[in-house]
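This report introduces a structure to a reader who has not met it before. It treats a single residue and its surroundings, then a sheet.

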Amino acid sequence: QVQLVESGGGSVQAGGSLTLSCVASGSIFSLSTMGWYRQAPGKQRELVASITNGGSTNYDDSVKGRFTISRDNAKNTVYLQMNSLKPEDTARYYCNQRANVLIRKYDYWGQGTQVTVSS
């Protein structure tokens, strides 16, 4: 069973920066698409950014130019560098791992880390 452990959340003022990390257990990390999602109170969970096993990235329009997703396969870790944070970025951020290996599909979630941005 894969476990995802997020860290790096916290409270910052608008304009500040945070870097989230997500460490995955198991042996399929390098085969996986990794994603960061967020969920604010009363809202649906939404995709923030993702990175494929080949390194292709995708960002929600609201974070383009401010957030950067990256991965280190040697460390089974995915990062989310968040700059120029805004109060509307306040949410719980979740790490997601997805992979299709042979005929099996994998889809795992972490417990999340809270990001709070004050104005």
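## Burial of N96

In this predicted model, N96 counts as buried because its relative accessibility is 2%, and the cut-off for a buried residue is under 20%. The residue belongs to strand β9, which covers residues 91-101.

## Surroundings of N96

The side chain of N96 takes part in polar pairings. With the side chain of R98 there is a polar contact of 3.1 Å. In addition, a polar atom of the N96 side chain lies 3.0 Å from the backbone oxygen of Y108.

When neighbours within four places in sequence are set aside, N96 is in contact with L4, T33, M34, G35, Y37, D107, Y108 and W109. Y108 thus appears both in this list and as the residue whose backbone oxygen lies 3.0 Å from a polar side-chain atom of N96.

## The open sheet

One of the residues in contact with N96 is L4, and β1 spans residues 4-7. An open sheet is formed by four strands in the order β1-β3-β8-β7, with antiparallel pairing. Strands β1 and β7 (67-72) stand at the edges and each has a single partner strand, so one side of each has no neighbour in the sheet. From one strand to the next, the twist averages 15 degrees.

## Pairing of β1 with β3

Strand β3 comprises residues 18-24 and runs antiparallel to β1, to which four bridges join it. L4 has A24 as its bridge partner in β3.

Terms used:
Residues are numbered from 1 along each chain as its sequence is written. This is a predicted model: local features need pLDDT of at least 70, side-chain atom pairs count only at pLDDT 80 or more; totals for chains, interfaces and linings use all residues. Side-chain values use heavy atoms; hydrogens and water are left out. Helices (H or I, at least four residues) and strands (E, at least two) are DSSP runs, numbered from the N terminus. Buried means under 20% relative accessible area, exposed over 50%, partly exposed in between (1.4 Å probe, protein chains only). A polar contact is a pair of N or O atoms within 3.5 Å; within protein, one must be able to donate a hydrogen and the other to accept it, and residues adjacent in sequence count only if both atoms are side-chain atoms. Contact means heavy atoms within 4.5 Å. Two strands pair if DSSP finds at least two bridges between them. Axes are lines fitted to C-alpha atoms, for helices over the stretch in contact, and angles run from 0 to 180 degrees between N-to-C directions.
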